[in-house]
Amino acid sequence: MYAVIKTGGKQYRVAAGEKIKVEQIAADVGQEIVFDQVLAVGNGTEIKIGTPLVSGATVTVTVLAHGRHDKVHIFKMRRRKHYQKRQGHRQNFTELEISSIAA
């Protein structure tokens, strides 16, 4: 069984037992969270698609860790203008383990 959930402005296809990294969520490590914004639930050949959400469907997850992704390097340059700019960014994330999917 799998589900498509929405969190942090993105959509993720998840199944029980998987680990995913999502945008940072304000929750403690070890805490259980219930996502009720489920867009679709599938089981083999059968699929339920919400309009826009599947009513009564929830996904329970456990917070494993918080961290930061690898640095993304931004380099801007204007040729012949003696202009160079270097910048970096590390995005925060929360690692989740999918405990169960209830449809």
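**Notebook: strands, sheet and core**

I began with the sheet: four strands form an open sheet in the order S2-S1-S5-S6, with antiparallel pairing. S2 and S6 lie at the edges with a single partner strand each, so one side of each has no neighbour in the sheet. From one strand to the next, I noted a twist that averages 15°. I record here that the model is predicted.

**Entry: the chain as a whole**

I looked up the secondary structure and found ten strands and zero helices. Along the sequence, the pattern I wrote down is β-β-β-β-β-β-β-β-β-β.

I then checked the overall dimensions. The chain has a radius of gyration of 19 Å, whereas a compact globule of 103 residues would have one near 13 Å. Along the principal axes, the C-alpha atoms fill a box of roughly 60 × 30 × 20 Å.

For the surface, I noted an accessible area of about 7,100 Å², with 47% of it belonging to carbon and sulfur atoms. Of the 103 residues in the chain, 31% are buried. I also looked at how far apart in sequence the contacts reach: among those between residues at least 6 apart, 63% join residues at least 24 apart.

**Entry: strand S5 and its two partners**

I returned to the sheet to examine S5, which stands between S1 and S6 in the strand order. Five of the six residues of S5 are buried, and I therefore describe the strand as mostly covered, taking buried as under 20% relative accessible area.

On one side, S5 pairs with S1 in the antiparallel sense over four bridges. Within this pairing, I found Ala3 opposite Val41 in S5. On the other side, four bridges join S5 to S6, residues 46-49, and these two strands also run antiparallel. Here I located Ile47 in S6 as the bridge partner of Gly42.

I next inspected the hairpin of S5 and S6, which has two residues between the strands. Gly44 takes a positive phi near 70° in this hairpin.

**Entry: the largest nonpolar core**

I asked which residues touch the most other members of the largest nonpolar core. They are Val14, Val59 and Leu96, in a core of 20 residues. Seven strands each supply at least two residues of this core: S1 (2-7), S2 (10-15), S3 (19-23), S4 (32-35), S5 (38-43), S7 (58-68) and S10 (92-102). As background, I noted that nonpolar side chains tend to be buried together in soluble globular proteins.

I listed the contacts of Leu96, leaving out residues up to four places away in sequence. Leu96 touches Glu18, Lys19, Ile20, Val22, Ile25, Phe35, Val61, Thr62, Val63 and Leu64.

**Entry: Glu18**

Glu18 appeared among the contacts of Leu96, and I looked up where it sits. Glu18 belongs to the loop between S2 and S3. With a relative accessible area of 30%, Glu18 is partly exposed, because this value lies between the 20% limit for buried and the 50% limit for exposed.

Glu18 and Leu96 are 78 residues apart along the chain, and I noted a separation of 8.3 Å between their C-alpha atoms. Again leaving out residues up to four places away in sequence, I found that Glu18 touches Arg13, Leu96, Glu97 and Ile98.

Methods. Residues numbered from 1 in each chain as written. Predicted model: local features only at pLDDT ≥ 70, side-chain atom pairs only at ≥ 80, totals over all residues. Heavy atoms only, no water. Core = buried A, V, L, I, M, F, W, Y, C linked by side-chain atoms within 4.5 Å. Buried < 20%, exposed > 50% of the residue type's maximum accessible area, 1.4 Å probe, protein only. Contact = heavy atoms within 4.5 Å. Pairing = 2+ DSSP bridges. Rg over C-alpha atoms; globule rule 2.2 N^0.38 Å. Areas by Shrake-Rupley, 256 points an atom, 1.4 Å probe, with all protein chains shown as cover. Axes fitted to C-alpha atoms, helices over the stretch in contact; angles between N-to-C directions.
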